[in-house]
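Reader: I'd like a close look at one part of this predicted model. Could you pick a single strand and walk me through its surroundings?

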Amino acid sequence: MKKLYILGMLLGACSMFSACNDEWKDELYTQMISFKAPLGNNSLSEIYIRYQPDGTGSYQLPVIVSGSRDNERNIDVKISVDTDTLEALNREKFPVGRDDLWYVPLSEQHYWFDSEICHIPAGTNVQLYPIHFNLTGLELDDKYVLPLTVEEDPSYILNTRKGRYKALLGINLFNDYSGTYNTTLMNIYIAGTTDDPAKVDTREARVVDENTIFFYAGSVWTEDENRRRYKVFVRFEEGTEDENGTVKGKLTVYGDADDMEVNIQPIGECTYEQRVIQHETIKYLERHITTMTLSYQYTDVTSNPDYPMTYEVKGSMTMERQINPLIPDEDQAIQW
């Protein structure tokens, strides 16, 4: 009798183990739809589009069928714009009353899709969904976002883990000179003095056109309510290449011609240098280094309107891009 009892327990345990194992298999093989659009520190998935004179560009957004085995059927994934999620992010991320800092949803005239359906054929686990842009006429200071979502449909299952069925695409135009510059060698003086300079660690240079960038003057805070008045425009003139492959040329520095109070203007010769060197430890990477040597002045008329203060800014700014020349797509080749 005792042996029969033990045998029954063993059979029951085996049955339970088998059921759990089958359940584990079902869960493992569940296939769900999501985007490949990981969020960065700013809660966006940054995408990069090279500046074109006609304003056009494109991006291929990966749409994924997750699971532990290959997709065995045709799936039509419905994709739409989702401004509600972006508005919720803005309200959560930025202080009350600072709507000027909000991410701006890209308006309809600046993008289009071949179709609102991403067709994923059987045997394909990742399908690229093309998005086309015309970015002409965007306000330079704003951060534009195209917020997308996978719509619910009974023909597929959404991967809702960490919001993977949503994509907040932060739009970044780039040219040969845009990016984040190290500015620790830029000194900011009160005009007429040479002592106790102020410094900032970095400056983001954003695209104006193919050969022109802008950044904010001196120590103007990138979230300052009046930052739009303090844009320093820098145009890279045609340079000459020496025997080592280094390109050197002059810079044209200017401010808003309609804002005579801020009065951004150069106070000395401004030049640049671009060179490419092999990465010291990663042999397939190239280091593209751009250095600007600048000297300009501006007047702060908003910190204390009753006592405008003129500053002189002198020194160098350096930006480095690491590029893998083996990757044909330029936006993917650059290590952003």
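Author: Two strands count as paired if DSSP finds at least two bridges between them. With that in hand, let's take strand S13, residues 212-216.

Start with its neighbour on one side of the pairing list, strand S12, which covers residues 202-209. S12 and S13 run antiparallel and are joined by three bridges. Asp 209 of S12 stands opposite Thr 212 in S13, and the link from S12 to S13 is a hairpin through two residues.

S13 has another partner as well: strand S14, residues 231-236. This pairing is also antiparallel, over five bridges. Thr 212 turns up here again, standing opposite Arg 235 in S14. So Thr 212 of S13 has Asp 209 opposite it in S12 and Arg 235 opposite it in S14.

Now for the side chains. Thr 212, Phe 214 and Tyr 216 point one way from S13, while Ile 213 and Phe 215 point the other way. Is S13 buried or exposed? Buried means under 20% relative accessible area, and five of the five residues of S13 meet that, so the strand is largely enclosed by the rest of the structure. That goes for Thr 212, Phe 214 and Tyr 216 as well as for Ile 213 and Phe 215: all are buried, whichever way they point.

Methods: Residues are numbered from 1 along each chain as its sequence is written. This is a predicted model: local features need pLDDT of at least 70, side-chain atom pairs count only at pLDDT 80 or more; totals for chains, interfaces and linings use all residues. Side-chain values use heavy atoms; hydrogens and water are left out. Buried means under 20% relative accessible area, exposed over 50%, partly exposed in between (1.4 Å probe, protein chains only). Helices (H or I, at least four residues) and strands (E, at least two) are DSSP runs, numbered from the N terminus.
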